[in-house]
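Here is a quick tour of one chain, taking in its ring contacts, a sheet and a few backbone oddities. Have the structure open as you read.

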Amino acid sequence: MGLATIKTETGLNQNTTYTRYVWAYVNTPCQISTPITLVQYTLFTCGSTFTINHLAGSVAPVNKTVTYATVTNVPGESSKCWIAQNLGADHQAIAINDATEASSGWYWQFNRKQGYKYDGTTRTPNTAWITSIIENSDWISANDPCSIAISSAWRIPSYTEWNNVYNVDGWTNWTGPWNNALQLHAAGKLNKTNGILNNRGLNGNYWSNQAFGSFDNGTLLYFDSGSADMINNLSKAFGFPLRCLRD
């Protein structure tokens, strides 16, 4: 850096931590300062894209590099920033009934970190399926795949946030979610009894981070060709897609 006290770097990824070391010296012995460690996040602008290298493990089911689009000014929750495709999806869906794995992304059981990929035949990881989740708990932040897979700035929407988006335009079927800025589509679900894919291309189910009433029920946004509703009495053992947002 010579005598410069300011340095500008280019080519950095958004929403990424970078570490740099700075120290001063002169060309005589024993005149070198103690290095200072600088750790900063790069700035994030909603409406831009960012790339995540997902690594297979306790959250991502497979190794996959995904570039996520983002959107803000979503009616009902206009101050929030949302990913514009499902978590783990290659891209946004191309139609409301898009039944491809690439558009649907991954599926999660309530308050569980592990995501599942379903290619139409095989579930990955093909581990023993949890058929019953009975616990008096919302989706805790330590298990939030949005926070873990992207960054701590991101999280699963609350029931209230989904309900605000659902209500503002009076959704009555899947046309409303699809025509929304979020472009929600019918990604289906994994069956609570066996983890097998059901209804991809026929209905949409998106978890909120809140449980409801009894120990085994989660809350979500639901829609199909004839209806749309906020639901609070479905088993936490279902596997549903996720959308992520940040404040």
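## Aromatic contacts

Let's start with a cluster: ring pairs tie together Phe110, Trp139, Trp207, Phe238 and Phe240. Bear in mind that this is a predicted model. The count of aromatic pairs comes to 15. One of them is Phe50 with Trp154, a tilted pair with 5.5 Å from centre to centre and 35° between the planes. Phe50 sits in strand β3 and Trp154 in the loop between α2 and α3 (159-168), so the pair, at 104 residues apart, links distant parts of the chain. Are these two rings buried or exposed? Phe50 has a relative accessible area of 4%, so it counts as buried. Trp154 is buried too, with a relative accessible area of 0%.

Then there's Tyr206 with Phe223, and this pair is stacked: the centres are 6.1 Å apart and the planes differ by 15°. The angle is under 30 degrees, which is why the pair gets that label. Tyr206 belongs to strand β11 and Phe223 to strand β12 (residues 217-224), 17 residues apart, and this pair also links distant parts of the chain. Both Tyr206 and Phe223 are buried.

## The open sheet

Back to β3, the strand that holds Phe50. Which strands share a sheet with β3? The order is β3-β4-β5-β14, an open sheet of 4 strands with antiparallel pairing. At the edges are β3 (49-54) and β14 (245-246), each of which pairs on one side only.

The partner of β3 is β4 (residues 64-71), and the two run antiparallel over 6 bridges. Within that pairing, Ile52 faces Val66 in β4.

## Backbone oddities

As a rule, most residues other than glycine have a negative phi, and most peptide bonds are trans. A few spots here go the other way. Asn73, though not a glycine, has a positive phi of about 60°. You'll find Asn73 in the loop between β4 and β5 (81-83), and it is exposed, with a relative accessible area of 57%.

Asn199 is another non-glycine residue with a positive phi, near 60°. Its place is the loop between β10 (197-198) and β11 (203-211). How accessible is Asn199, and what does it count as? Its relative accessibility is 31%, so Asn199 counts as partly exposed.

Finally, look at the peptide bond from Thr124 to Pro125: it is cis, with omega near -5°. Pro125 lies in the loop between β8 (123-124) and α2 (145-149).

Key: Residues are numbered from 1 along each chain as its sequence is written. This is a predicted model: local features need pLDDT of at least 70, side-chain atom pairs count only at pLDDT 80 or more; totals for chains, interfaces and linings use all residues. Side-chain values use heavy atoms; hydrogens and water are left out. Two strands pair if DSSP finds at least two bridges between them. Buried means under 20% relative accessible area, exposed over 50%, partly exposed in between (1.4 Å probe, protein chains only). Rings of Phe, Tyr and Trp (its six-membered ring) pair if their centres lie within 6.5 Å; planes under 30 degrees apart count as stacked, over 60 as edge-to-face and the rest as tilted.
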